[in-house]
Amino acid sequence: MDRIDRRILSILQEDCTIPVAEIGRRVGLSTTPCWRRIQKMEEDGVITGRVALLDPKKVNVKVTAFVAITTSQHTEDWLKKFADVIREFPEVVEFYRMAGQVDYLLRVSVPDIDAYDDFYKRLIAKIEITDVSTTFAMEQIKYTTQLPLGYVPAEKPKGSAS
């Protein structure tokens, strides 16, 4: 991946609806080579999807809860079952297996505390969990879906020795 690819990714992360011709103009390519680069990054799995970002308040999911889960179960079968259970809940918008004192962390989006309580009751009815600790966000100070691209390894010039 070269500097042009990184610039294309930066533009797409800002707004994936920008026409390919405009992206090409911004990075110094004509439309066809720019489109080929985008297609290649999709084929390589660098670009995994293109989405619309929604305003949580306008779709009535104003409350963000961070749910820290601890379990005494640490088998592969339990993790598979737990992951399958979590996939059933559209309120869970992020799900991580953690290192440290917390085993799993969820980000849950709901309209209000009553909806969170309903989510919690449905969750604990489906799977045994040792401890659940929830914190609620009071204010979102920074949010982005844009990944930092400065860590992408620089492409070695063609013909250079390793």
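In the predicted model, C34, I38 and M41 are the residues to look for in helix α3, where they are buried. These residues cover an arc of only 60° around the axis, which puts them on the same side of α3. An α-helix has 3.6 residues a turn, so residues three or four places apart point the same way. On the other side of α3, R36 and E43 are exposed. The cover over the buried residues of α3 includes α1 (3–14) and α2 (20–27). The helix itself has 13 residues, and its span of 18 Å from first to last C-alpha is close to the 18 Å expected at 1.5 Å a residue. After α3 comes G45, with a positive phi near 80°. Further along, the loop between α3 (31–43) and β1 holds N60, a residue other than glycine whose phi is nonetheless positive, near 60°. N60 is partly exposed, with a relative accessible area of 40%.

It helps to place these pieces in the whole chain. The protein chain has 5 helices and 4 strands, and from the N terminus on the elements run α-α-α-β-α-β-β-α-β. With a radius of gyration of 21 Å, well over the 15 Å that the globule rule gives for 162 residues, the chain is more spread out than a compact globule. The C-alpha trace spans about 55 × 45 × 25 Å along its principal axes. Of the 162 residues, 27% count as buried. The accessible surface comes to about 11500 Å², and carbon and sulfur atoms account for 52% of that surface. As for contacts between residues at least 6 apart in sequence, 63% join residues at least 24 apart.

Helix α4 offers a second case of a helix with a buried side. Its 12 residues reach 16 Å from the first C-alpha to the last, close to the 16 Å expected at 1.5 Å a residue. W78, F82, A83, V85 and I86 are the buried residues of α4. Seen down the helix axis, these buried residues fall within an arc of 160°, so they line one face of α4. Turned away from that buried side is a face carrying the exposed residues E76, D77, K80 and R87. Strands β1, β2 and β3, together with helix α5, are included in what covers the buried residues of α4.

Helix α5 (residues 113–126) has 14 residues, and its reach of 20 Å between first and last C-alpha is close to the 20 Å expected at 1.5 Å a residue. Its buried residues are Y116, F119 and L123. Viewed down the axis of α5, they fall within an arc of 60°, so they line one face of the helix. The face turned away from the buried side carries D114, K121 and A125, which are exposed. The partners against which the buried residues of α5 pack are β1 (63–70), α4 (76–87), β2 (92–97), β3 (104–110) and β4. At the start of α5, the backbone nitrogen of D114 has a side-chain oxygen of D112 within 3.3 Å.

Individual residues in and around the strands fill in the picture. T64 lies in strand β1 and, at 18% relative accessibility, counts as buried. Leaving aside residues up to four places away in sequence, T64 touches R107, V108, T135, F136 and A137. S109, in turn, lies in strand β3 and also counts as buried, at 14% relative accessibility. With the same sequence neighbours left out, S109 touches V61, V63, E91 and V93. The C-alpha atoms of S109 and V93 are 6.8 Å apart in space, although the two residues are 16 apart in sequence.

M138 gives a contrasting case in the segment after β4 (131–136). At 82% relative accessibility, M138 counts as exposed. M138 and V63 are 75 residues apart in sequence, yet 8.4 Å separates them in space, C-alpha to C-alpha.

Definitions and conventions. Residues numbered from 1 in each chain as written. Predicted model: local features only at pLDDT ≥ 70, side-chain atom pairs only at ≥ 80, totals over all residues. Heavy atoms only, no water. Helix = DSSP H or I, 4+ residues; strand = E, 2+ residues; numbered from the N terminus. Buried < 20%, exposed > 50% of the residue type's maximum accessible area, 1.4 Å probe, protein only. Expected span 1.5 Å × (residues − 1). Arc of directions from axis to C-beta. Contact = heavy atoms within 4.5 Å. Polar contact = N/O pair within 3.5 Å; in protein donor to acceptor, adjacent residues only side chain to side chain. Rg over C-alpha atoms; globule rule 2.2 N^0.38 Å. Areas by Shrake-Rupley, 256 points an atom, 1.4 Å probe, with all protein chains shown as cover.
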